[in-house]
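Grab a pencil and open your viewer. Try each task yourself before you read the solution under it.

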Amino acid sequence: MAIATGIVGAAGFAGIELTRLALRHPDLELSVVTSNELAGTPVSAEYPGFLGATDLVFASHDDPALDECDLVFLAVPHTAALAMAPRFVERGAVVVDLSADFRLKDPGVYERWYATPHTQTDLLARAAFGLPELFGDDLARAAEDRRAGCGALVGCAGCYPTATSLAAAPAVRAGIVAKGAPVVVDAISGVTGAGKKATSRTHFCFADENLEAYGVATHRHTPEIEQILGLEGRLVFTPHLAPLNRGLLSTVNLPLAPDAPADAAEVVELYRSFYDDAPFVRVLDAGFMPKTSSVVGTNYAHVGVAVNEPARMLVAVCAIDNLAKGAAGQAVQCANRVWGLPEARGLEPIAVPV
């Protein structure tokens, strides 16, 4: 039986990518897509690439058709999900939230970084963290809730935290990173990561032919990465904007423990063993580094590692598509896990080659 599905906030970049994936998914029946700004507008009028693929028309966020959906994706700005998620979960739906509202497990940390109180702390405590490769137990618990007829909530990891954590987690969890040492992350994202509404930073005339660091020492994804990796107070995270539509590359510099292996091939084998059951992570051979162009349009993460022996530093690099594994694709991957479907169901297996 097809899963009745709705997408709230479908007109944004992550939301429209979700729409594309949901329409192609063999088990999802996409029945409602919302945008207050575009209510009454056909999806194909705003995004002509959907001509002939769907007759869906954007509805408003309060459309009652959402109450008939068993699966609801929330592709809305931060703080909006706090008001929207409870009603769907309470009636037994599965909610997959792409915003930051249910990622940070400490409400005080959320309030400090997002400048607003967390008003759904009970639901926050129940929420599964949506990074399947590292938090499979969370998704298994959400799947049990769904099978029991209860509502379930998944707070998907952000784009920078996803790439950074997939690059660093095997080394951190294996204990080969020097205890107490800072971990330095330089990450680069395409412009779609900033959302659909143009700003003085993302307007074409300013973003084209330009590279820029932003949110230096203040970016909101910092506490999320620290939470995932257990690096509280040790993370130096600097994001950059690049003139790309899609793509995200995170380079993580990890000081090695005194007894850690210094051979890159040995570290590659450690990483491959760690991701042995992860269908969307590809660990490259020693001597090769990932490229964003290799993952565009897919839910894959490519990871490469190198060892700087004189500095005793492991350099781990991860490339993802910020709209796919960093947002919409990961949301579908999480929904598949909660529904007990094959993890790769409905997700593109081959990147756009050129």
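What follows is a short set of exercises on this chain, each with a worked solution.

A word on ground rules: this is a predicted model, where local features need pLDDT of at least 70, side-chain atom pairs count only at pLDDT 80 or more, and totals for chains, interfaces and linings use all residues. Residues are numbered from 1 along each chain as its sequence is written, and side-chain values use heavy atoms, with hydrogens and water left out.

**Exercise 1: the whole chain**

Task: Work out how many helices and strands the protein chain has, and how its radius of gyration compares with the globule rule.

Solution:
- Start with the secondary structure: there are 11 helices and 13 strands. Helices (H or I, at least four residues) and strands (E, at least two) are DSSP runs, numbered from the N terminus.
- Next, the radius of gyration is 20 Å, close to the 20 Å from the globule rule for 354 residues, so the chain is as compact as a globular protein of that length. The radius is taken over C-alpha atoms, and the rule is 2.2 Å times the number of residues to the power 0.38.
- Along its principal axes, the C-alpha trace spans about 60 × 50 × 40 Å.
- Now for burial: 55% of the 354 residues are buried. Buried means under 20% relative accessible area, exposed over 50%, and partly exposed in between (1.4 Å probe, protein chains only).
- Finish with contacts (heavy atoms within 4.5 Å). Of those with a separation of 6 or more, 71% are between residues 24 or more positions apart.

**Exercise 2: the open sheet**

Task: Trace the order of the seven strands in the open sheet and say which are the edge strands.

Solution:
- The order reads 8-9-7-10-13-12-11, and the pairing is mixed. Two strands pair if DSSP finds at least two bridges between them.
- At the edges sit strand 8 (212–213) and strand 11, each pairing on one side only.
- Strand 7 (residues 183–189) runs parallel to strand 9 (residues 235–241), with seven bridges. In this pair A187 stands opposite P239 of strand 9.
- Strand 11 (residues 281–283) is also parallel to its partner, strand 12, over three bridges. Look for V283, whose bridge partner in strand 12 is V303.

**Exercise 3: strand 12 and its hairpin**

Task: Decide whether strand 12 is mostly covered or mostly open, then find the positive phi in its hairpin with strand 13.

Solution:
- Strand 12 (residues 301–308) is mostly covered, with six of its eight residues buried.
- It runs antiparallel to strand 13 (residues 313–320), and seven bridges join the two. One spot to check is A306, which has V315 in strand 13 as its bridge partner.
- Four residues lie between the strands of this hairpin, and R312 has the positive phi, near 50°.

**Exercise 4: two alanines with positive phi**

Task: Place A115 and A217 in their loops, and say whether each is buried or exposed.

Solution:
- Some background first: most residues other than glycine have a negative phi.
- A115 has a positive phi of about 55°. Its loop is the one between helix 4 (107–114) and helix 5 (121–126). With 71% relative accessibility, A115 counts as exposed.
- A217 has a phi near 65°. Its loop lies between strand 8 and helix 9 (222–229). A217 is exposed too, at a relative accessible area of 66%.

**Exercise 5: helix 9**

Task: Find which residues of helix 9 are buried and what covers them.

Solution:
- Seven of the eight residues in helix 9 are buried, so the helix is mostly covered.
- Go along the helix and tick off T222, P223, E224, I225, E226, I228 and L229 as buried.
- Their cover includes helix 4, strand 5 (128–130), helix 7 (159–174) and strand 9.
- Just after the helix, G230 takes a positive phi of about 70°.

**Exercise 6: two buried residues**

Task: For L153 and S44, give the element, the relative accessibility and the residues touched.

Solution:
- L153 lies in strand 6 (residues 152–156), and at 4% relative accessibility it counts as buried.
- Leaving out residues up to four places away in sequence, L153 touches a group that includes A85, V89, F102 and L123. L153 and V94 are 59 residues apart in sequence, yet their C-alpha atoms are 5.9 Å apart.
- S44 belongs to helix 2 (residues 43–46) and is buried at a relative accessible area of 16%. With residues up to four places away left out, S44 touches F50 and L51.
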